[in-house]
Amino acid sequence: MDKITSLFNETELKKGEYFTKNGQYCEKLSFVRSGIIRVFANYNDKEITQWISTEGSFITDLYSFSFKQRARFNIQALTDCKLYTINSENYALLNAVVPNWAEMEKQFIAGCFVHLEERVFSHLSLSAEERYDKLFKNNKALFNQVPLQYLASMLGMSPETFSRIRQKKIS
């Protein structure tokens, strides 16, 4: 464990700072120790929130980190954040340091893929109100910590629809 943790650095990201921006190369992966980070893209003059990461999750532009391409997303701190960060060179060393790293990485990526499948299926099968309810049930604290237009965007709905559903739930 000491060998693994020695490959990570404790870093901070202040509210409003970017972890990476669209068009840059993202050469790091971080574990969010505390704070909230938004992943978003600009599309047709609109910001589309792809995901909101919270304590206990990992953050990177996977396409850029894995394939050494320019980042497709902006990743920005919504609050002050404390991170454990590993750069791509040290990440490559994990194979040598952890004997079963390839299997562990495969299981982690499979878990991420299952989560992605669940999100896609929810967007295809659930109504806007059902998606709202699911997010509220699983991430109630976000509703007090994140601008609501970001949550609306992440759920694939307009801020007006989100507000109408929210008002209905409060009443």
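**Sheet pairing and helix packing**

Strand 4 (residues 37-43) and strand 7 (residues 74-77) run antiparallel and are joined by four bridges. One residue pair shows the pairing: Arg 38 has Gln 76 of strand 7 as its bridge partner. The model is a predicted one.

These strands belong to an open sheet of four strands, ordered 2-7-4-5. Pairing within the sheet is antiparallel. In general, the strands of a sheet pair through backbone hydrogen bonds, either parallel or antiparallel. Strand 2 (18-20) and strand 5 (46-53) form the edges. Each has a single partner strand, so one side of each lacks a neighbour in the sheet. On average, with direction ignored, neighbouring strands are turned by 30° against each other.

The loop between strand 4 and strand 5 contains Asp 45. Phi of Asp 45 is near 60°, a positive value in a residue other than glycine. Asp 45 counts as exposed because its relative accessibility is 85%, and the cut-off for exposed is over 50%. A second positive phi, about 55°, belongs to Lys 68, which is not a glycine either. Lys 68 sits in the loop between helix 2 and strand 7. Its relative accessible area is 60%, so Lys 68 is exposed.

Attention now turns to the helices. Two packed helices are described by the angle between their axes and the distance between the axes. For helix 3 (residues 88-97) and helix 4 (residues 101-125), the angle is about 120° and the axes are 8 Å apart. Helix 3 is therefore oblique to helix 4, because the angle lies outside the ranges for roughly parallel, roughly perpendicular and roughly antiparallel. Helix 3 contributes Tyr 91, Leu 94 and Asn 95 to the contact. Helix 4 contributes Trp 101, Ala 102 and Glu 105. Four of the contact residues are nonpolar, one is polar and one is charged.

Which residues of helix 3 are buried? They are Ser 88, Asn 90, Tyr 91 and Leu 94. Viewed down the axis of helix 3, these buried residues fall within an arc of 160°, so they line one face of the helix. Glu 89, Ala 92 and Ala 96 are exposed on the other side of helix 3. Several elements cover the buried residues of helix 3. Among them are helix 1 (2-5), helix 2 (62-67) and helix 4. Strand 3 (28-34) and strand 8 (81-87) are also included in this cover. Tyr 91 and Leu 94 thus appear twice: they are buried, and they take part in the contact with helix 4.

Terms used:
Residues numbered from 1 in each chain as written. Predicted model: local features only at pLDDT ≥ 70, side-chain atom pairs only at ≥ 80, totals over all residues. Heavy atoms only, no water. Axes fitted to C-alpha atoms, helices over the stretch in contact; angles between N-to-C directions. Helix = DSSP H or I, 4+ residues; strand = E, 2+ residues; numbered from the N terminus. Parallel < 35°, antiparallel > 145°, perpendicular 65-115°, else oblique. Contact = heavy atoms within 4.5 Å. Nonpolar A, V, L, I, M, F, W, Y, C, P; charged D, E, K, R; others polar. Pairing = 2+ DSSP bridges. Buried < 20%, exposed > 50% of the residue type's maximum accessible area, 1.4 Å probe, protein only. Arc of directions from axis to C-beta.
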